Structure formats: structure tokens, C-alpha cells
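Trainee: I have a new model open and want to know how its descriptions are earned. Can we go through them one at a time?
Mentor: Yes. Ask, and I will set each value against its cut-off.

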Amino acid sequence: MSNQKKYLSFYSIQERLKSHHEQTGQYITLSQAVQMLEQEGCVSSAPMPRPDFSKWDVQNPHQLYELAAQVSVEVSSLLRDPEAYYCFVSEEYLGFSFWDVLPHIKMCYEAITPHTHDFFESNYVLDGSLEMECATEKRVLRTGELCIIAPGTNHAVYVSPGSTVVCFCLRRSSFRSTFFNTLKGNDLLAVFFNNCLYSGIQGYLLFMIPPGPEVCGIIKNIFTEYYSGLKNANAICCSYICIFFSLVLRLYSKTYLQYSSDDSIMAQMPAILTYIQNNFKTVTLSYLAELFHYEKAYLGKQIRLATGMYFTEIITQQKINLAVQYLIYSDRSVNDIAELVGYNSPDHFSRAFKHSTGLSPSQYRKQHQGNPPDDEPA
């Protein structure tokens, strides 16, 4: 078969999937719809003009779907090897090319069989619902739910008619260099992504994120950049993805659920670290071990392997980070701040703070109040 690229509009594929179901009551696969359209001479060797996603009114989810309907879908791989799309989908097959992020809208009326791929898949239900199968589990996701699926996870996603589901595919092979800031912390997503990249953990994370202007604004920027055809669009898209994930962690980290096909401690590490982050003022390693049913010394060792830090170092870091915010953004006394961040003794707090920052709390306040960091205390 020729190496010439071939294209169909999103709209033509979606309409074929829909019309076939309406006429026969049966669902067909994406590759079957594409082959039918090729036989009818609908395939083009050139893409259509790119739609302008900057025109999307973020309060109208269906308008995003209508803009996506104007997108040209490259179908060369589907025509060349149609069965691979429903077996193991590689980055090369999907057509990442020079992109690290592939944003698109999921199609409805599509017959899908469980499959795996070597990249991360993130699905956000902007409006409507979808049904997801993951290993032995089935779950219905509704408006506002975000699911991040790990590479190698056997899954299938069925989008309900009339729904708008935003999908971001993230290249695994360049994930560490592209999303370095997302990986360098010890927060929920950093641990999840690192476990997927280096430990082969399979499964997914699920968040509840209401589709407000802030979230939808970032999605709009990603689509606008991706289809702009402008220089450095890939780098800008990656930056917006990092902002999106950071917003998820800032506002919605307590809404998450996790499923993993691996019941090992590394698969549970995101939940363990999230518990530490939410309870660092009072949690002890003994209590944490009892809560998650692990032996204390073993849990401490695994936390260090996963994060590069001892349990006590993580606790101290969380306390000092919060103390910094209070020192800069409030007039509270050092004694009050010590108590607020979880120290029983102001002297102990002052020693720990100086050991961490090189300055006493009072010295730090004088030196940094005119140059505050980005985040204020909750």
C-alpha cells in the first residue's frame, strides 16, 4: 500500500458509525467505518483546514464537539493494519510523530474490544457519560469525572451517544523529559506516573473535577495550540497539560479513587502518600502501617524506595513548606506557627526550620516577606 497519508473528517466517520447502528441495530468498529468510507471514495490525500478552537465558548460542551467534527483524522494506519487498533496500539501506530500530547474527542456508536497501548490515556467527561471496562472492573463515568489510564492496562471505553469526552494521549517514551515537573514531586500523580514508567504498574486514577471555566479554559488552550499549526505548539501543549494536572492536584486530590491490577505496595503508594499529605501534622509511621496493613519497618523502607525520602523527611518537608507560607503571608508569631504546622515545641520547630532552610524562622520572615513564593497557605 502507498505511504501517502489519507484523511477523513471526524464528522464523516462519526456519521457512518451512527447511521450503521440506526439502520442495523449493530455497532461497527472505527476501522470498519473507515474501510466503508474508503470504498465509497470518501478518503482524501490532503487534510481539511484546521478548525479554530479559540472560538469555543467553554460554557457550551457541545460546541467543542462541533468544532472537533471539522477535524481531519489521518486514517493511514487504520487502512494499512485495521486489526492492530483493537489489539495493542503503539505510539507509532497512533501517529504521535513529533507530538508528546494528542488531544481529541472520543467518538460514539463505536464497537470497542478491550485493548492495551504503550502510552498514557486520560479521559475527561465534559458532558454526558461513558462506560469503562478495566481488567475485571466495569465503571460508569459521568460529567466531571477524569480517568488516567496507565500504559499496558487492558481496557475499553464506550462513549454514550450525545456525550462530549475529551481524551489526552500522552507519549510514554518521552514522558520523563517532557513532564519532568510532574514527576519530580512525591504527590499522588508523580508517584502514579513514576510507578507506571519504572515499575510497570497497571490500572488507573479517577478524579471528580467539575467542568468550570478554569478547567475548560485549559482544555481550550490545549486544543487551540494543537490545531494552530504554529511553532513550538507541542511544547506549549505540554505546558498546559502540566498546568491541568497541577490544578487537579491543587483542587481535587481528595476526590480520587485508584484501581490497580497489582495489589503490591507500590500500587498502593499513591494512596499512602496522599494520606501522608492530608494528615502530615499528626500521622505516625506506626499508625500508617496499621492503617494500610503493612509492617512498620517494611513500609518505611518502601516509602524511601518510592520517593527517595525517609518518612520523617517527608513529614518535616510538609511542615516546613506550610510554615514558610505562614511566615510570609501572615503576622502570626513563631510560636503560633509552630503549633499550626504540628510541632509541640517552638524550640523543636525553630531547630528543624533552620536545619531545613539555613535560617531561623524570624530571619526567614525578614528575608523573604518582600519576595513571596507562589502559593498561600490554606
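**From strands to cores**

Mentor: Start with a pair: S129 has R142 in β8 as its bridge partner. Keep in mind that this is a predicted model.

Trainee: What makes β7 and β8 a pair of strands?
Mentor: Two strands pair if there are at least two bridges between them. Strand β7 (residues 129-134) is joined to β8 by 6 bridges, and the two run antiparallel. So the requirement of at least two is met. C134 stands opposite E137 in β8.

Trainee: What lies between β7 and β8?
Mentor: A turn with 2 residues, and the two strands form a hairpin. A135 sits in that turn and has a positive phi of about 55 degrees.

Trainee: How do you know that β7 also pairs with β10?
Mentor: Count bridges again. There are 5 between β7 and β10, which run antiparallel. The cut-off is at least two, so they pair. One bridge links E133 to A156 in β10.

Trainee: Why are β8 and β10 called edges of the sheet?
Mentor: The open sheet has 3 strands in the order β8-β7-β10, with antiparallel pairing. β8 (137-142) and β10 (155-159) each have a single partner strand, so one side of each has no neighbour in the sheet. From one strand to the next, the twist averages 15 degrees.

Trainee: Why is β7 said to be largely enclosed?
Mentor: A residue is buried under 20% relative accessible area. In β7, 5 of the 6 residues are buried, so the rest of the structure largely encloses this strand.

Trainee: Why does Y109 count as buried?
Mentor: Its relative accessibility is 16%. The cut-off is under 20%, so the label "buried" fits. Y109 lies in the loop between β4 (101-105) and β5 (116-117). Its phi is near 60 degrees, a positive value in a residue other than glycine.

Trainee: Which other loop residue has a positive phi without being a glycine?
Mentor: N232 is one, with a phi of about 65 degrees. N232 is in the loop between α9 (213-226) and α10.

Trainee: Why is S45 called partly exposed?
Mentor: The relative accessible area of S45 is 46%. Buried is under 20% and exposed is over 50%, so a value in between is partly exposed. S45 is in the loop between α2 and α3 (61-68).

Trainee: What makes S45 and Y7 a contact?
Mentor: Contact means heavy atoms within 4.5 Å. S45 touches Q4, K5 and Y7, leaving out residues up to four places away in sequence. S45 and Y7 are 38 residues apart in sequence, yet 6.1 Å apart in space, C-alpha to C-alpha. The 6.1 Å runs between C-alpha atoms, while the contact cut-off applies to heavy atoms.

Trainee: How do you know that α1 and α2 are roughly perpendicular?
Mentor: The axes of helix α1 (residues 10-24) and helix α2 (residues 30-39) cross at roughly 105 degrees. Angles of 65 to 115 count as roughly perpendicular. The two helices therefore earn that description. Their axes come within 9 Å.

Trainee: Which residues of α1 and α2 meet?
Mentor: From α1, S12, I13, R16, L17 and H20; from α2, L30, A33, V34, M36 and L37. By class, this contact has 7 nonpolar, 2 polar and 1 charged residues.

Trainee: What makes a group of residues a nonpolar core?
Mentor: The members are buried nonpolar residues joined through side-chain atoms within 4.5 Å. The largest core here has 83 residues, and I13, V166, L170 and I219 have the most contacts inside it. Helix α10 (residues 233-252) gives the most to this core, with 10 residues. Apart from it lies another core of 36 residues, including M269, L299, V334 and Y343.

Trainee: Which residues does I13 touch?
Mentor: L8, L30, A33, V34, L37, V73, V75 and M107, not counting residues up to four places away in sequence.

Trainee: How many of the chain's residues are buried?
Mentor: Buried residues make up 49% of the 378. The chain has 17 helices and 13 strands.

Methods
Residues numbered from 1 in each chain as written. Predicted model: local features only at pLDDT ≥ 70, side-chain atom pairs only at ≥ 80, totals over all residues. Heavy atoms only, no water. Axes fitted to C-alpha atoms, helices over the stretch in contact; angles between N-to-C directions. Helix = DSSP H or I, 4+ residues; strand = E, 2+ residues; numbered from the N terminus. Parallel < 35°, antiparallel > 145°, perpendicular 65-115°, else oblique. Nonpolar A, V, L, I, M, F, W, Y, C, P; charged D, E, K, R; others polar. Buried < 20%, exposed > 50% of the residue type's maximum accessible area, 1.4 Å probe, protein only.
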